[in-house]
2 protein chains.
Amino acid sequence: MIRIRDVAKQLNLSITTVSRALDGYNDVAEQTRQLVIRTAQEMGYTPNRAARQLRRRHAEAIGYILPAARPLFSDAFLSEFISGLGDEAALHNYDLLISSAKPNSPEEQASYQRWIQSGKVDGLVLNRIRLHDWRIQYLTAQKVPFVCLERSLDNFEFLGVEIDSYNGFLELTNYLIGLGHRRIAYIGGEPGLKIEHDRFSGYRDGLAAAGIPVCLELVELGDLTSEGGYRATESLLQLAERPTAIMCINDPTAIGAIHAVHDHGLYVGNDIAISGFDGVADAAHMLPPLTTVEQTVYSTACLLAKILFAQLVGSEFSEKQVKTRPRLIIRSSTGGRRI
Amino acid sequence: MIRIRDVAKQLNLSITTVSRALDGYNDVAEQTRQLVIRTAQEMGYTPNRAARQLRRRHAEAIGYILPAARPLFSDAFLSEFISGLGDEAALHNYDLLISSAKPNSPEEQASYQRWIQSGKVDGLVLNRIRLHDWRIQYLTAQKVPFVCLERSLDNFEFLGVEIDSYNGFLELTNYLIGLGHRRIAYIGGEPGLKIEHDRFSGYRDGLAAAGIPVCLELVELGDLTSEGGYRATESLLQLAERPTAIMCINDPTAIGAIHAVHDHGLYVGNDIAISGFDGVADAAHMLPPLTTVEQTVYSTACLLAKILFAQLVGSEFSEKQVKTRPRLIIRSSTGGRRI
DNA sequence: TTGTAGGCGTTATCAA
DNA sequence: TTGATAACGCCTACAA
């Protein structure tokens, strides 16, 4: 390992001078600076992170804990989300630390506490926010910078990005009603989730505005995965009177729904309309292509990270709170040619 | 922030004693140990990671750099892969550090060097290995522990997991030939990739064994994404004599291919057979469900991490090199009912 | 403009 | 069984 003292010795300079030349202080002769920078580069010197962290008292890393309900999970949303966070972090020369935990589990709590208390990360990114989320209370109390995708009912001084799920689902519901659907089912997620609350509300209010009563047998509980969507759809298809449309809380759920409908020998988009929410890249490549509400996951992740960095390093980015209106993307899974 | 000295002061003990009680040394009175552990817990003490790293000279973190060809990418393979690495790392109380870089770019090189030289990670996980891969030479020279998914031609002392892509593709080719296909196309990835080499070889040798010449117009270059698969398939469909089957290097490519075939008004599984490779969860939820060669991404990632940890902490896991035979999963994208 | 020295919080060596 | 002390590599008052 090459240390700063090795560079200093090589140049017959003091450690101080080398350190300051590298860090861009202006009290070092320009000529010396150039020499130092060049030599450090040649020698392949990179400051030891542990030492720097200890001294500077920050980690130059942000953290994100994956909401993994089971050890094995797969979610197209997450790879886009992670790459957005990672790219933005890299721009600031920060690292992205990843862990995974079952939402609302003791392990989740332990992970957050360990990261905070041990100083491994300077800030955190949260998603899958619960209506009452201990994470927000905890991080606020600990004064740890964090940003959220979606807000909870607790955090008044919300920092982050909020996707207007409610209006997205409202618009989608209106669209389906406009197509003539009356028996519209909904497959959601765990009740305490903010997105569940918002999206279901959009669905409910959309129906109400058209004078259609919410029919409880048409409301199913999924788990945000394809498997959950498949199972929930199977129940719906066994009803005496089948729904003519199924609105799914997210794209993976919708993908499972499409599959279930197909396995029942029915035609998606024709016999039954299916819609999702997220707009992950794969949604366009489904057969039939999936009608969805697009929230541009990658750029949202970048935006979240930008907001976090604005807090951490006082970067020029000034937005603290962004509310975006997702875009309804109509594809043939809600009607169109027979496949 | 609570430091070890705070705990020591609280108990009127020396820092040394507290440190050793917590670390499980046996030269501290059992009674003292219990007291220390309890108090530390009550006070919410967690060792500062930077200080510990500096002293112990390791980071308790492993790293993985995503092969992201473009800033925005999405790959079902990766979310499974990352969660496997993360779960296994968590089991050892290690963190997983994530970054992304364009394969073979100067930034990729800079990222690896920075992580190594700054001591941010104790070991690395590599995939998308190139036939001649500077990473392997560099990490070997630096004596940094690492594991690979797939091996290169350079590393004789290969540590990691090798999926037998060659035989997987051979078997798949034989299967398609057995179905009566003669014009079988191949959509691959960047030429220097190990998986491209192996999978193409399996395809070529499979054809050769059946006395079918490789027809260059049927060999297309993709980029491992759905978009690449879509474009390549469009070219194939414009040939005077269309292929009757298309073997894709991975599942995303196959998903793009299915979509392109569909857009041309043809029936996948009927007019044209399509196959993938990876066996990510979504493949089963495609329409039609995708025939693929399954490599159980999640458990492979866990296995890779296990091998890495065996090096890092001398865990009980003794396998150093695992070669797995992937499993051919036949679904209706290579023939079956019309959808 | 450059150098000296002290300390960040922890662990390890050695002495008590 | 416990405690004093010296590092780990870096940054930064302060002195020269």
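Helix α9 (residues 194–209) of chain A lies across β6 and β8 of chain A, and its direction is at about 170° to that of β6(A). The model is a predicted one. The strands that α9 crosses belong to an open sheet of 4 strands in chain A, paired in parallel in the order β7-β6-β8-β9. Chain A can also be superposed on chain B, with an RMSD of 0.3 Å.

**The sheet of chain A**

- β7 (219–221) and β9 (273–275) of chain A stand at the edges of the sheet; each has a single partner strand, so one side of each is left without a neighbour in the sheet.
- From one strand to the next, the twist averages 15°.
- Strand β6 (residues 184–188) of chain A pairs in the parallel sense with strand β8 (residues 245–248) of chain A, over 4 bridges.
- Within this pairing of β6 and β8, A:Tyr186 has A:Met247 in β8(A) as its bridge partner.

**Helix α8 on the sheet**

- Helix α8 (residues 165–178) of chain A packs on the sheet and touches β6, β8 and β9 of chain A.
- The direction of α8 makes about 170° with that of β8(A).

**Relation between chains A and B**

- The superposition of chain A on chain B takes a turn of 180° and a shift of 0.1 Å along the axis.
- The two copies are therefore related as by a two-fold rotation axis.
- The same surface serves both copies, since 98% of the contact residues of chain A recur in chain B.

Key: Residues numbered from 1 in each chain as written. Chains lettered and ligands numbered in written order. Predicted model: local features only at pLDDT ≥ 70, side-chain atom pairs only at ≥ 80, totals over all residues. Pairing = 2+ DSSP bridges. Helix = DSSP H or I, 4+ residues; strand = E, 2+ residues; numbered from the N terminus. Axes fitted to C-alpha atoms, helices over the stretch in contact; angles between N-to-C directions. Contact = placed C-beta atoms within 7 Å. Least-squares fit on C-alpha atoms with pLDDT ≥ 70 in both.
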